[in-house]
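Biologist: I am new to this structure and should be grateful for a close look at a single part of it. Please take one helix and its surroundings, and then follow the chain outwards from there.

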Amino acid sequence: MTSDATVRPLLAGLDARLPELRALYEDLHAHPELSFQEFRTAGIVAERLRAQGWEVTEGVGRTGVVGVLANGAGPVVLLRADMDALPVKEQTGLPYASTVTGIAPDGTEVPVMHACGHDMHVTCLLGATAQLAAHRDGWHGTVVAVLQPAEEVGGAPAMIEDGFLDRFPRADVCLGQHVAPAPVGFVGTRPGTVMAASDSIRVTLFGRGGHGSTPETAVDPVVMAAAVVMRLQTVVSREIGAAHTAVVTVGSLHSGTKENIIPDTAELRVNMRSTTPAVRERVLAAVERIIRAEAAASGAPKEPEIVPLNSFPVTVNDAAATAVVQSALTEVLGEGRVFTLPQAVTGSEDFGVFGTALGVPSVFWHFGGADPALYAGIDSDALLEDGLPATVPANHSPHFAPVPGPTIPVGVTALLAAAAAWLGKEGG
């Protein structure tokens with residue numbers, strides 16, 4: 001495995017590369033693209049990997065890019081970053097803030113922003129691939145760099161379905177990371193379940209339209225939807241034990257066109273998070289039961305339509321591999337900088353799809369990207385226990401923006417340190 005002395009040669013010259021990486025990050029941030037529409041981003045990625053000397057395949061899983069760098073006999077390590085952005089209007093006020101729009105799957109024009117930090121992930125992975133290509137005398141084996149599309153809607157399965165397992169070297173371990181609103185320089189992970197499962201559905205409630213002045217002649221789907229939204233709040237508070245983790249969110253509700261017209265339908269989009277199969281099954285069943293019961297209670301003329309949108313599995317870190325990664329990160333980042341998360345993060349990821357499909361260990365960690373000044377006076381142990389301060393913008397916020405200067409080198413270093421644990425010359 002690795003030691004601090006093993007990864008240090010791979011970091012040589014990184015400081016000189018940082019201005020270029022900073023410029024890349026700002027460019028990606030200013031030009032975000034929605035899921036499965038990452039054509040510009042994929043082109044930049046492919047061009048840079050080829051210039052570094054990687055064997056590049058484009059269009060994997062529609063818009064994904066895979067780079068392979070073989071460097072003698074040894075382990076095969078998969079490093080993954082995601083590329084897509086979100087339909088969010090940026091409000092950071094940054095000079096490189098996004099002002100672009102995109103076309104959503106329903107055909108509507110929406111603002112687009114890298115509100116989840118995938119631009120940072122791409123930048124850090126391309127920094128790591130450049131370092132690996134420049135220092136081939138410092139490691140052995142093969143690296144598979146996966147630039148994945150559409151993480152926000154589950155793009156990893158699209159790459160697997162596109163022959164990923166047969167087209168590229170089979171990895172011995174899969175490594176990935178996500179920027180988080182924690183202070184720059186800190187990393188958190190845990191063995192076992194590290195991120196929750198996620199299930200999203202689209203619900204159409206059917207009413208009977210009419211005039212706003214005579215609601216007795218209609219069946220109001222707006223009132224029906226309001227009842228569903230409020231009742232869904234009881235799933236977690238009254239049906240899931242306090243020792244378990246679950247989240248139910250109605251993120252979208254649309255109905256009607258005018259204040260004095262009772263519409264025919266209402267549409268809700270519901271997201272559910274869970275960390276065990278039993279809790280997942282209970283939440284899914286409760287949500288469907290409530291939707292159907294509220295429709296019946298309202299006298300709906302037709303059963304609700306419930307359509308699955310996407311589903312993400314629980315992200316599970318292999319215990320032994322996680323211990324190796326935590327040790328490697330601690331050696332290069334320093335004592336007190338790498339933490340074991342006390343519980344799974346309720347956000348979700350499809351990164352684990354690669355390790356599951358390959359049948360190999362996976363490790364996923366979160367690295368801080370927030371200005372440490374935002375955490376002045378807050379003890380790190382209290383942060384782990386109590387969560388983020390309300391003043392710190394989290395992922396998916398229109399105000400979310402990692403501080404690129406110090407975050408990029410930490411992200412690059414973390415990837416190289418973790419990879420070196422398997423690729424290092426001192427024992428492999």
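Modeller: The account below begins with helix 12 and then turns to other parts of the chain.

The model is a predicted one, in which local features need pLDDT of at least 70 and side-chain atom pairs count only at pLDDT 80 or more, while totals for chains, interfaces and linings use all residues. Residues are numbered from 1 along each chain as its sequence is written, and side-chain values use heavy atoms, with hydrogens and water left out.

Helix 12 spans residues 404–423; helices here are DSSP runs of H or I with at least four residues, strands are runs of E with at least two, and both are numbered from the N terminus. Helix 12 gives 13 residues to the largest nonpolar core, the most of any contributor. A nonpolar core is a set of buried Ala, Val, Leu, Ile, Met, Phe, Trp, Tyr and Cys residues joined through side-chain atoms within 4.5 Å. Buried means under 20% relative accessible area, exposed means over 50%, and partly exposed lies in between, with a 1.4 Å probe and protein chains only. The largest core holds 64 residues, and those with the most contacts inside it are Trp54, Leu79, Leu147, Leu175, Trp365 and Trp422. Apart from this core lies another, of 24 residues, among them Met224, Val248, Met272 and Ala295. In soluble globular proteins, nonpolar side chains tend to be buried together.

One partner of helix 12 is helix 9 (residues 319–333), and the two axes come within 9 Å and cross at roughly 130 degrees. Such axes are lines fitted to C-alpha atoms, for helices over the stretch in contact, and the angles run from 0 to 180 degrees between N-to-C directions. Helix 9 is therefore oblique to helix 12; angles under 35 degrees count as roughly parallel, over 145 as roughly antiparallel, 65 to 115 as roughly perpendicular, and the rest as oblique. From helix 9, the contact is made by Ala321, Val324, Val325, Ala328, Leu329, Val332 and Leu333. Helix 12 supplies Val410, Thr413, Ala414, Ala417, Ala418, Ala421 and Trp422. Contact means heavy atoms within 4.5 Å. The residues of this contact divide into 13 nonpolar, 1 polar and no charged. In that division, Ala, Val, Leu, Ile, Met, Phe, Trp, Tyr, Cys and Pro count as nonpolar, Asp, Glu, Lys and Arg as charged, and the others, Gly among them, as polar.

Two threonines of helix 12 show its surroundings in detail. Thr413 is found in helix 12 and counts as buried, at 11% relative accessibility. Leaving aside neighbours within four places in sequence, Thr413 is in contact with Leu11, Leu14, Val332 and Leu333. Thr407 also has its place in helix 12, and Thr407 is buried, with a relative accessible area of 0%. With neighbours within four places again set aside, Thr407 is in contact with Met120, Val179, Val184, Phe367, Gly368, Gly369 and Pro402. Thr407 and Thr123 are 284 residues apart in sequence, yet their C-alpha atoms are 10 Å apart in space.

A further packing pair is formed by helix 3 (residues 39–52) and helix 4 (residues 118–134), whose axes are 9 Å apart at an angle of about 15 degrees. That angle makes helix 3 roughly parallel to helix 4. In this pair, Val45, Arg48, Leu49 and Gln52 of helix 3 meet Val122, Leu126, Thr129, Ala130 and Ala133 of helix 4. The residues of the contact divide into 6 nonpolar, 2 polar and 1 charged. Leu147 touches both helices: Val45 and Leu49 are among its contacts, as is Val122, when neighbours within four places in sequence are left aside.

The approach to helix 12 deserves a brief word. His396 lies in the loop between helix 11 (380–386) and helix 12. At 40% relative accessibility, His396 counts as partly exposed, and His396 has a positive phi of about 80 degrees although it is not a glycine.

Arg292, in helix 8 (residues 277–297), provides a distant point of reference. Arg292 and Val412 are 120 residues apart in sequence and 49 Å apart in space, C-alpha to C-alpha. Arg292 counts as partly exposed, at 27% relative accessibility, and touches Glu303, Pro304 and Ile306, not counting residues up to four places away in sequence.
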